[in-house]
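User: I am new to this structure and would like to go through it step by step. Please show it, and then I will ask.

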Amino acid sequence: MTTPAEVQPRPAIGERRVTSTPLATAVDARVRRDAARGSAAGRAARERGPVPGRTTSRGRRLDPAPWAAGIATITLGLWAVTGGLHDLVAGGAATYLSISRLAGLAAALAALFGLVLTARPRWLERTAGLDRLISWHRITGMTAAFGMVIHVVTGMVAAAGGSVSGSWQALLHLLARSDWFVAALAAAILFGLVSLTSWRRIRRSMSYETWHLVHVVGYLAVALGFPHQLFSGSTFLSSGFAHWWWIGLYAATALIILESRLGGIVRSALRPRTTLTRVIPETPGVASLVITGAGVDSLEARSGQFVCLRVLTPELWWQAHPYSLSAAPKPGALRLTVKDLGDGSAQTLAVRPGVRVLLEGPYGGLTVDRAAGRPILLIGAGVGLAPMRALLEGASAQHRPVVLARAHSDADLPLRGELEVLARERGGRFVPVTGPRTRFAEGNPFTADSLTANVPDIRQRAVFVCGPAALQARVLSELRRAGVPAGQIHSERFAW
Amino acid sequence: MSTLIKRAAPGFALATVTLGAVWMFDPALNAQPEPLASAGDASATGSASASDTGTSDTGTSDPGASDSGSSTAGQSTGSDCSTAQTATGDAAYTQWGPVQVEMAVTGDGTICSVEAIAYPDNDTHSARINSYAIPQLNSMAASKGVSFQAISGATYTSEAYRESMQSVLDRL
């Protein structure tokens, strides 16, 4: 049906004078032809939007706002309906109890939302983008932590009949009275641990592995807290609806986590065959992988997203690595660009073409429709230019794209020729930012001043950033300093 | 911000309707327990018919309440309640507040009467539960001692009640 050749013809690295536009025109022509024929591949390709101006996916999009609002309203409303509002102004122990119940409900709900966010279900990631999911996860985590502290403290005072001095004894009584309270205390301690280690100051002094290990305990904390809510909480003892509502919320959360953790693997295995057909060296340590097969179409990946690649060889089948699409997907073929970061990537790059691969995903929300009609600025560093290259292909002349491409030297700029051509075609600019770091003011290639000098209308633009974590963090803060509103900045980390 | 509210509006609307339905129709929430005629009078309420008030979430019916057994101290016979001493138990805490009993008990441990002198009743949940649970507990405790069966829907309160009683017996 398709040959990888259609993905491949493109200028060699460093080639400056390219006049033809093999990639975009070939693809567009094919899409139009397919569309005219009404083929499924053409429809799929059109919906993915490689044609300029057709960048919005009509895929399964789900706005999380009404869901989150509805679920939160019902949950907190149950507090009011079961006497929370009445008790709040009743004074004495009832007021403490009422505050404790509200804080506990809010904390538990925030924790559930946090779990859903961190499970990164595809429908949510597609709408909001990974960076937003991470920042929302942070907000829900903090809400849950503060809510839990308020819940425990006011709960202890309520149990002591409104007396602060008796609250410790009350706590001991509750622990003795029911194992659910013991589990809840364990949950509180574990959750406190998760929250403390995520506090930026402490987080910085920990290795990622240690932090992650502690953070995963959050699942256990949420599970341990559940029984004391259901069996000992006024809300769920008072209302049969609340009882089943709560069970339903936890079950739905568990299903979403399972679906998104295991669903990707299952779906990738069920997809039609996909094969790694070519490995093309780009710059030192960076290469592109071309994957072909009917399964590529059912992936419905879009420019700027990434996939998890599982190479089915005896040595590599058990590991999946996240790689960015570096070109808009074509019917039956897609291209990933990979840096040999020392993990499984080196082995992947050494793999003999023709081997079967599984694709999980697509993940990530760095897609051009996030620009919401604004002109765009793409900032990429090193292999972080791969998603920028794909994004650029999905952009149109209305986006007036500007690409800032950072690498230590010209030879280290992957996909340079393609970026230049695509930018020019769309009436945009390609600005290489190369040279050792010491060459730049403050050792920073992207200061607020230099950004504004390069891109005078930067505040009006939607900015997409992808690169190594340290550089990315610096770019994000400089963008804010340059006056770009946070809502216009879209970034994605490699590491996850 | 206003667009966010607009997007969330259907969620709010549906949630409000749901809450309204729960408020009006949830059977557990709307159950009105029948108050006992002579709350606190242990000897007279032995046959209280507190069969099923609908407030129970666990669903088991309460065998203790329907038992119309002996109307006075059940454990040992022959002790003279006229010599009984009145003692106050320790406070036993539930998540809704402390439960504390006052007992009339003879020297050999015969329980003549029990009455809760403190129990949570100013929050909505406790007010509903304890309006029927406490009189039942008073009556059951007087007739059966600490071995009474916990009232369904008021398990925590029953346990705390028993604990407070036990603290008096332990002091004998």
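User: How many residues of chain A are in contact with chain B?

Analyst: This is a predicted model, and the contact involves both chains. On the other side, chain B contributes 32 residues. On the side of chain A, the number is 37 residues.

User: Which helix of chain A gives the most to the side that touches chain B?

Analyst: Several helices each supply at least two residues, among them α4(A), α6(A) and α12(A). By class, this side of chain A has 17 nonpolar, 17 polar and three charged residues. The largest share is 13 residues, and the helix that gives it is α3(A).

User: At what angle do the axes of α3(A) and α1(B) cross?

Analyst: Helix α1(B) covers residues 2-25 of chain B. The contact of α3(A) with α1(B) has 15 nonpolar, six polar and one charged residues. The crossing is right-handed. The two axes come within 7 Å, and the angle is roughly 35°.

User: Are α4(A) and α6(A) roughly parallel or roughly antiparallel?

Analyst: Helix α4(A) spans residues 92-118 and helix α6(A) spans residues 130-159. Their axes come within 7 Å and cross at roughly 155°. Angles over 145 degrees count as roughly antiparallel, so α4(A) and α6(A) are roughly antiparallel.

User: What is the handedness of the crossing of α4(A) and α6(A), left-handed or right-handed?

Analyst: The contact of α4(A) with α6(A) has 18 nonpolar, twelve polar and no charged residues. As for handedness, the crossing of α4(A) and α6(A) is left-handed.

User: In what order do the six strands of the barrel in chain A close?

Analyst: The pairing in this barrel is antiparallel. Neighbouring strands are turned by 45° against each other on average, direction ignored. Helix α12(A) packs on this sheet and touches β3(A) and β6(A). The strand order is β1-β2-β5-β4-β3-β6.

User: Which residue in the turn between β1(A) and β2(A) has a positive phi?

Analyst: Strands β1(A) and β2(A) pair in the antiparallel sense over six bridges. Within that pairing, Val279(A) stands opposite Leu289(A). The two strands form a hairpin with four residues between them. In the turn, a phi of about 85° belongs to Gly285(A).

User: Which residue of β5(A) is the bridge partner of Val286(A)?

Analyst: Strand β2(A) covers residues 286-292. It pairs with β5(A), residues 333-339, in the antiparallel sense over seven bridges. In β5(A), the partner of Val286(A) is Lys339(A).

User: Which residue of β6(A) stands opposite Thr274(A)?

Analyst: Strand β1(A) is joined to β6(A) by three bridges, and the two run antiparallel. Strand β6(A) also holds Pro362(A), and the peptide bond from Gly361(A) to Pro362(A) is cis, with omega near 0°. Opposite Thr274(A) stands Val357(A).

User: Where does Glu300(A) lie?

Analyst: Glu300(A) is not a glycine, yet it has a positive phi of about 50°. Its place is the loop between α13(A) and β3(A).

User: Which strands stand at the edges of the open five-stranded sheet of chain A?

Analyst: The order in this sheet is β9-β8-β7-β10-β11, with parallel pairing. Neighbouring strands are turned by 15° against each other on average, direction ignored. Each edge strand has a single partner strand, so one side of each is left without a neighbour in the sheet; these strands are β9(A) and β11(A).

User: Which helix packs on this open sheet and touches β7, β8 and β10 of chain A?

Analyst: Five bridges join β7(A) to β8(A), which run parallel. The helix covers residues 385-394, and its direction makes about 155° with that of β7(A). A helix of chain A also lies across β3, β4 and β5, running at about 40° to β4(A). In both cases the helix is α15(A).

User: Over which residues of chain B is the pLDDT below 50?

Analyst: The model scores ipTM 0.76 and pTM 0.69. The mean pLDDT of chain B is 77, and 72% of its residues reach 70 or more. Where pLDDT is low, the predicted coordinates should not be read in detail. In chain B, the stretch below 50 is residues 36-76.

Notes
Residues numbered from 1 in each chain as written. Chains lettered and ligands numbered in written order. Predicted model: local features only at pLDDT ≥ 70, side-chain atom pairs only at ≥ 80, totals over all residues. Axes fitted to C-alpha atoms, helices over the stretch in contact; angles between N-to-C directions. Parallel < 35°, antiparallel > 145°, perpendicular 65-115°, else oblique. Left-handed = near helix turned anticlockwise from the far one by under 90°. Nonpolar A, V, L, I, M, F, W, Y, C, P; charged D, E, K, R; others polar. Contact = placed C-beta atoms within 7 Å. pLDDT = per-residue confidence, 0-100. Pairing = 2+ DSSP bridges.
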